[in-house]
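Student: Could you pick one part of this model and walk me through it up close? I'd like to know what it packs against, and then how some of the charged side chains elsewhere are paired.

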Amino acid sequence: MSNSSNQSSGGGYYGGGYYYGEGYGDAATAHSRSIKDYLLILRERIWWLVVTVFVVFLATSLYTFNAPKIYRSVATVEILREKDRIVQFQDVVRQDVANAEDFNTQIRVLESASIIQAVDGRLTGSERAQFLAPYERGIDASLRGTPSVGSLLSRNRTVSPVRLSLVVNILYSHPDPEIAARVANYFAEEFIDFNRNKQIEGSMRAVDDLQKQVDDQVKKIAEIENRVADFKEKHSTLSVDRSQDIDNEQLINLNRRFEEDRRRYDEARTRWNQVQRYRDLGEPLWELDFIANAPEVPDLLNRVSANQIEVARLSQRFRAMHPTMIAATEQLQQTRRELSRAVDSAVSSVRNDYNRASDNFQNSQDRLDEKKRELIELDRIRPQYNAMMRDLEVSRQLYDHYYNRLQQAAVSIASEGQTARIIDRARPAGSPYKPNILLNLIIGLMLGSGLGLGLVFLLAILDDKVKTAFDIETTIGIPLVGIVPRITRIDAGEKARIVAEDADKHTVEAFRAINSALKLNEESKNAKVILSTSTIPSEGKSFVSTNLALTFANHGEKTIVIDGDLRMPNIAKSLDVPNRTGVLQAVAGELSLDDVIIRDYYPNMDLLVAGGRSKSPTRILSSDGFANLIHELRMRYDKIIIDSPPLAPVSDALNILPLVDGVLYVIRFNTVKRKTANLNIRRLREANVPIFGAVLNNLNTHMAGYYYSHYYDNSYKHYYLRGGQDAAEDSPRKEPQKV
């Protein structure tokens, strides 16, 4: 079974003149919800969101206004790019801040456990007791005990580098503003002392290493100097010391000459190739620009043109053998011969230019290759020589460096400067840092919104009702052929024939759209017998059956509605006709088919009601009598609409499936569960009968703008009203006539 005729190439679904949007056309393809679907989910459950936001915001407010006050003090430290120097010697152990990595290293030192331990040692006596006093009270202290000083220092200290600077803020928070300021200053002081002590220790260790490095370099310099002398003696090294700049300059000049000769060669070869191509094609060579501009060629071309004009003029007065004509013709031939000689001369010049350019290009290439070979030969011994000279230079530089550092080491140990300095010392804060009332309220509002949205979408996930085209076409897997809006202030009888009485313009147009959709479908447009069913009772299948039949009748098709619900027949009641005789009597053979059909209930539309209720409807619907009844009606009518019981409670409709051409599935908006509908659709598919599509019934027009904006738009409201006033009325309804 295929519904491919309902699909459009653009990824959307087209049915009855309506486009249902991207992703609503192929039931076999996975689709994702659009942003409008999520906005609708939010709109339906807005009160869950409002209540959740209110509760979370209230809880946050209560916590904020009852939380203890915390004060924060800030000590500002500048990390020096180069430390303060008493004597301008380079450090043996470098602590300068040269890049972001050095700066971040200093930050990690400030955050380290060593600094925390040093500050912990600074807190003694009454000051330590004052520091711990706020944490010895309260529920947390009762349950977990008083925390250690080190853990409190680590937890409440914050190191905050100032962006695009070498300044660092050391922040400490404490319920006592005096203690907060004092501890922040302790951190700054201990950080400066820590770096100074580490520098002195490193300098002492570096002195011994420097002395060893100096001795090693003296030995290495002597060894390299001996090897350089041996190399010069072996290779007669006059050419090794030539300037590299001279060699490079010669190579550049040869390259430049080579490129110029190659350019000229390419130009000459191009011209010569064009001459040869024109000769091969038999085309005049003077059409080439460089031939046409050659000496004598432009003048001869003009003369040839003038002679041709003269011959043409004389040919109008004289015959070919006339002396005047003969003279003019010979003059033309003579001019052409001169032109040919001039062109040949130009071609010869082009060939000579080509040969000369080729020779020059080859000579330049040979000279360049020869120079490269000379440089390569020279460079074969140069690397070894240069390597030895570099080693010698590096060794000398290292010796000078180590020796100077060794001399500086003793002085630098005694004159260590600071690597950082305090810019602003911490002072007691005048107002608490925590709780931040405004920030907490904003967080409460955002947290409540997040939890509320999560709850809304969780409820949406748990909601299994069919509401959208996404549910019908993707989850259930059948195309949506139409949507019927909810009808208010009209009784059941009027609803059943709303198309006939034109009581609601939107509803009438909805059934016309369904009719159009069925006619566009390759399987349904030629179908005669259509079964109308649903998942559960009260979804409006009888309402859809009667009004769809009236729509067919309005379009000139001979139509009959059969009440196939023999358990709870509804067609007769809703259309206000007797239910004494009908399907039961015709199948039992008690009355003929003509005796039970209610003719001309509406122009082109007849009725066949149930004729009562049956205790064994399954036996009747699967009998040969019912099959013969449907066969006979196929001969008489263009469209046969069978209103059958819902599939979930009973299986009566499954017995009718072999007799029909297709099924129209009615789904009431926000009533049936997707899982239940999907299960019953699977039962229909097992019968191998085409499912033409689903009709979504009882959709609130106010909600339609959100769920089905492609169907309903308030801007078309006046169009419906004006159309209803201007259109001519269809044939009036006749009173039912029983035959």
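Tutor: One bit of vocabulary before we start: a helix here is a DSSP run of H or I that is at least four residues long, and helices are numbered from the N terminus. With that in hand, let's settle on L550, which sits in helix α18. Bear in mind throughout that this is a predicted model.

For orientation, the chain has 27 helices and 15 strands. Of its 739 residues, 43% are buried. If you take the contacts between residues at least 6 apart in sequence, 81% of them join residues at least 24 apart.

Is L550 buried or exposed? Its relative accessibility is 0%, so L550 counts as buried. Set aside the neighbours within four places in sequence, and L550 is in contact with A496, R497, V499, A500, Y602 and M605. Take A500 from that list: its C-alpha atom is 6.4 Å from the C-alpha of L550, although their positions lie 50 residues apart along the chain.

Now look at what else α18 meets. Helix α18 covers residues 541-554, and its axis comes within 9 Å of the axis of α17, with the two crossing at roughly 75°. Angles of 65 to 115 degrees count as roughly perpendicular, and α17 and α18 are therefore described that way. On the α17 side, the contact is made by T507, F511, R512, I514, N515 and L518, while α18 brings F543, V544, N547, L548, T551 and F552. Sorted by class, that contact has 7 nonpolar, 4 polar and 1 charged residues.

N515 is a handy residue to zoom in on there. N515 belongs to α17, which spans residues 505-520, and N515 is buried because its relative accessible area is 1%. Beyond its neighbours within four places in sequence, N515 is in contact with T551, F552 and H555. With H555 there's also a polar contact, made side chain to side chain at 3.4 Å.

On to the charged pairs. Side chains of opposite charge can pair when their charged atoms come close. How many salt bridges turn up in the whole structure? The search finds 33. Among them is a network of salt bridges that links K558, D594, R599, D606, E632 and R636.

Three individual pairs are worth a look too. Start with D652 and R567, whose side chains meet in a salt bridge at 2.7 Å, N to O. This pair ties together distant parts of the chain: D652 is in helix α24 (residues 652-656), R567 is in the loop between β9 (559-563) and α19 (571-575), and they are 85 residues apart. D652 has a relative accessible area of 0%, so it is buried, whereas R567 is partly exposed at 33%.

Next come R674 and D464, with side chains meeting in a salt bridge at 3.4 Å, N to O. Here too the pair links distant parts of the chain, with R674 in helix α25 (residues 674-685) and D464 in the loop between α13 (437-462) and α14 (469-476), 210 residues apart. Buried means under 20% relative accessible area, so R674, at 14%, is buried. D464 comes in at 23% and is partly exposed.

The last pair is a local one: D261 forms a salt bridge with R257, and their closest N and O atoms are 3.4 Å apart. Both residues lie in helix α9 (residues 244-281), 4 residues apart, which is about one turn of the helix. D261 counts as buried because its relative accessibility is 3%, while R257 is partly exposed at 48%.

While you're around α9, there's one more residue to find, this time in helix α12. That's A357, and α12 runs over residues 323-414. A357 has a relative accessible area of 10%, so it is buried. Leaving out neighbours within four places in sequence, A357 is in contact with R264, Y265 and A268. The C-alpha atoms of A357 and A268 are 6.8 Å apart, and the two residues are separated by 89 residues along the chain.

Terms used. Residues are numbered from 1 along each chain as its sequence is written. This is a predicted model: local features need pLDDT of at least 70, side-chain atom pairs count only at pLDDT 80 or more; totals for chains, interfaces and linings use all residues. Side-chain values use heavy atoms; hydrogens and water are left out. Buried means under 20% relative accessible area, exposed over 50%, partly exposed in between (1.4 Å probe, protein chains only). A polar contact is a pair of N or O atoms within 3.5 Å; within protein, one must be able to donate a hydrogen and the other to accept it, and residues adjacent in sequence count only if both atoms are side-chain atoms. Contact means heavy atoms within 4.5 Å. Axes are lines fitted to C-alpha atoms, for helices over the stretch in contact, and angles run from 0 to 180 degrees between N-to-C directions. Angles under 35 degrees count as roughly parallel, over 145 as roughly antiparallel, 65 to 115 as roughly perpendicular and the rest as oblique. Ala, Val, Leu, Ile, Met, Phe, Trp, Tyr, Cys and Pro count as nonpolar, Asp, Glu, Lys and Arg as charged, and the others, Gly among them, as polar. A salt bridge is a side-chain nitrogen of Lys or Arg within 4 Å of a carboxyl oxygen of Asp or Glu.
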